[in-house]
Amino acid sequence: MTKQMFDQKVTNWVTAVQVATVWTTPDSARKIDSPGLTAPTDIDQWVELLDYHSKLELCNKNLVQTQVLYGESVELINKEGDWAKVIIPSQPSYKDERGYPGWIPIYQLAEVGYSTNNYPIQAMVIKDKAWLKNENGKPTIKLSYLSIIPVISIMDKLVKIQTPHGLQYIAREDVELNNISEGCKQGTGRSIVKAVEDFVGLAYFWGGMSSFGYDCSGLAYAAHKANGYQIARDAGDQAKSGKVVAYNHLQPGDLLFFAYEEGKGKLHHVGIYYGDGKMIHSPQTGKGVEIIELKHTVYEKELCAARRYWLTNEVNSDGRKNFGGQPT
């Protein structure tokens with residue numbers, strides 16, 4: 001397991017919009033996706049514009065890969081017109097050992113003259129959304145949960161931060177401050193569950209990595225990021241690492257993986273064990289984040305693996321499929 005650190009790889013290119021969607025090719029974006037392609041973006045409007053079929057196409061036509069949050073570092077690999085091919089070091093993936101690959105409109109990125117490694121303190125958004133404000137107190141950008149920005153100074157009620165758009169401010173109560181050399185404090189399995197509990201009802205969004213909408217593995221990634229653990233971006237990669245957990249030793253915060261053909265086919269989903277035989281997950285287009293009982297559902301039949309990334313002294317043993325694991 002890897003501890004979630006801040007900007008381990010130094011780059012000068014960062015995301016300059018609240019959420020940048022990473023597309024499969026420069027031709028993947030459609031006209032209806034315009035609010036998510038501008039700078040600044042309007043993710044709220046984009047999500048509202050998309051009907052069920054338009055959202056489903058993002059997956060079925062392989063249009064979207066992932067997303068990156070405001071201020072997040074990327075490595076620019078190539079340019080093609082108004083598009084930049086990037087990799088995202090903070091999102092491990094089998095697709096590229098350097099980080100998750102894809103295409104972003106180049107005007108949604110900024111080449112900055114600073115490295116976040118030069119700032120010892122980082123502010124991580126811990127609210128669903130949080131506004132950046134300029135020196136006059138005017139709101140400028142609505143940030144997603146878990147956006148991370150370098151800190152210049154800390155005041156009573158405000159934190160002065162360095163952003164791709166210059167010096168701005170954010171409410172002290174909206175962020176958690178962490179030392180860049182130490183990363184986030186690593187949490188328990190129960191705190192992994194708690195990190196995403198408030199998103200129950202949030203609509204599923206394919207490729208989603210923000211509090212404007214998560215997909216299944218995006219929710220799992222966010223829950224771990226909030227607790228100081230860096231895991232892979234996609235469910236398939238998430239299932240290949242971590243600690244193997246027997247089904248009768250499940251604890252809250254463990255990841256549950258599901259495959260077609262009653263667990264013997266292709267892996268297609270991940271959820272977070274909630275405790276007491278329940279799972280919290282972001283299921284599919286047209287539904288929202290939910291907490292469900294596993295017994296007597298398709299998920300009970302399709303369960304194929306369980307993994308643990310959070311720290312524990314427990315020693316696992318083999319066991320039969322049993323959703324009665326005790327909470328921590």
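In this predicted model, helix H4 (216-225) is largely enclosed by the rest of the structure, because 10 of its 10 residues are buried. The buried residues of H4 are Cys216, Ser217, Gly218, Leu219, Ala220, Tyr221, Ala222, Ala223, His224 and Lys225. An α-helix has 3.6 residues a turn, so residues three or four places apart point the same way. Being buried here means having under 20% relative accessible area.

The largest nonpolar core contains 48 residues. Within this core, Trp23, Leu255 and Ile272 have the most contacts. Several elements each supply at least two residues: strand E3 (19-23), helix H1 (43-49), strand E4 (64-69), helix H3 (189-197), helix H4, strand E20 (255-259) and strand E21 (267-275). H4 gives the most, with 6 residues. Leu255 has a long list of partners beyond four places in sequence. Among them are Ala220 and His224, both of which are buried residues of H4. Leu255 also touches Ile231, Gln238, Val270, Gly271, Ile272, Ala305, Ala306, Arg307 and Tyr309. Leu255 and Ile272 are thus in contact with each other, and both are listed with Trp23 as having the most contacts in the core.

The sheet comes next. An open sheet of 6 strands is present, in the order E19-E24-E20-E21-E22-E23. Its pairing is antiparallel. Strand E19 (243-244) and strand E23 (290-293) stand at the edges. Each has a single partner strand, so one side of each is left without a neighbour in the sheet. Inside the order, E21 and strand E22 (residues 278-281) run antiparallel and are joined by 3 bridges. One core residue takes part in this pairing: Ile272 has Ile280 of E22 as its bridge partner. H4 packs on the sheet and touches E20, E21 and E22. The direction of H4 makes about 40° with that of E21. H3 lies across E21 and E22. The angle between H3 and E21 is about 105°.

A separate pairing involves strand E13 (residues 158-163) and strand E14 (residues 166-171). These two strands pair in the antiparallel sense over 6 bridges. A hairpin joins E13 to E14 through 2 residues. Ile161 has Gln168 of E14 as its bridge partner.

Aromatic rings were examined across the whole structure, and 5 aromatic pairs were found. A pair of aromatic rings is described by the distance of the centres and the angle of the planes. Phe199 and Tyr214 form an edge-to-face pair, at 5.6 Å centre to centre with 70° between the planes. Phe199 lies in the loop between H3 and strand E16 (209-210), and Tyr214 lies in strand E17 (residues 213-214), so the pair ties together parts that are 15 residues apart in sequence. Both Phe199 and Tyr214 are buried. Phe258 and Tyr299 also form a pair. Their ring centres are 5.2 Å apart and their planes stand at 70°, so this pair is edge-to-face. Phe258 belongs to strand E20 and Tyr299 to helix H7 (residues 298-302). The pair links distant parts of the chain, 41 residues apart. Phe258 is buried, with a relative accessible area of 0%. Tyr299 is buried as well, with a relative accessible area of 12%. Trp23, Trp46 and Phe205 form one aromatic cluster. Trp23 is also one of the residues with the most contacts in the largest nonpolar core.

Charged side chains meet aromatic rings at two sites described here. The charged end of Arg190 sits over the ring of Tyr274, 6.0 Å from its centre. Lys240 lies over the face of Tyr94, at 5.8 Å from the ring centre.

Two loop residues complete the picture. Asp215 is found in the loop between E17 and H4. Asp215 is buried, with a relative accessible area of 4%. Beyond four places in sequence, Asp215 is in contact with Tyr204, Phe205, Trp206, Gly207, Gly208, Arg233 and Ser282. One of these partners, Phe205, belongs to the aromatic cluster with Trp23 and Trp46. Tyr70 lies in the loop between E4 and strand E5 (73-80). Tyr70 counts as buried because its relative accessibility is 1%. Tyr70 and Ile87 are 17 residues apart in sequence. In space they are 15 Å apart, C-alpha to C-alpha.

How values were computed: Residues are numbered from 1 along each chain as its sequence is written. This is a predicted model: local features need pLDDT of at least 70, side-chain atom pairs count only at pLDDT 80 or more; totals for chains, interfaces and linings use all residues. Side-chain values use heavy atoms; hydrogens and water are left out. A nonpolar core is a set of buried Ala, Val, Leu, Ile, Met, Phe, Trp, Tyr and Cys residues joined through side-chain atoms within 4.5 Å. Buried means under 20% relative accessible area, exposed over 50%, partly exposed in between (1.4 Å probe, protein chains only). Helices (H or I, at least four residues) and strands (E, at least two) are DSSP runs, numbered from the N terminus. Contact means heavy atoms within 4.5 Å. Two strands pair if DSSP finds at least two bridges between them. Axes are lines fitted to C-alpha atoms, for helices over the stretch in contact, and angles run from 0 to 180 degrees between N-to-C directions. Rings of Phe, Tyr and Trp (its six-membered ring) pair if their centres lie within 6.5 Å; planes under 30 degrees apart count as stacked, over 60 as edge-to-face and the rest as tilted. A charge sits over a ring if NZ of Lys or CZ of Arg is within 6 Å of the ring centre and within 35 degrees of the ring normal.
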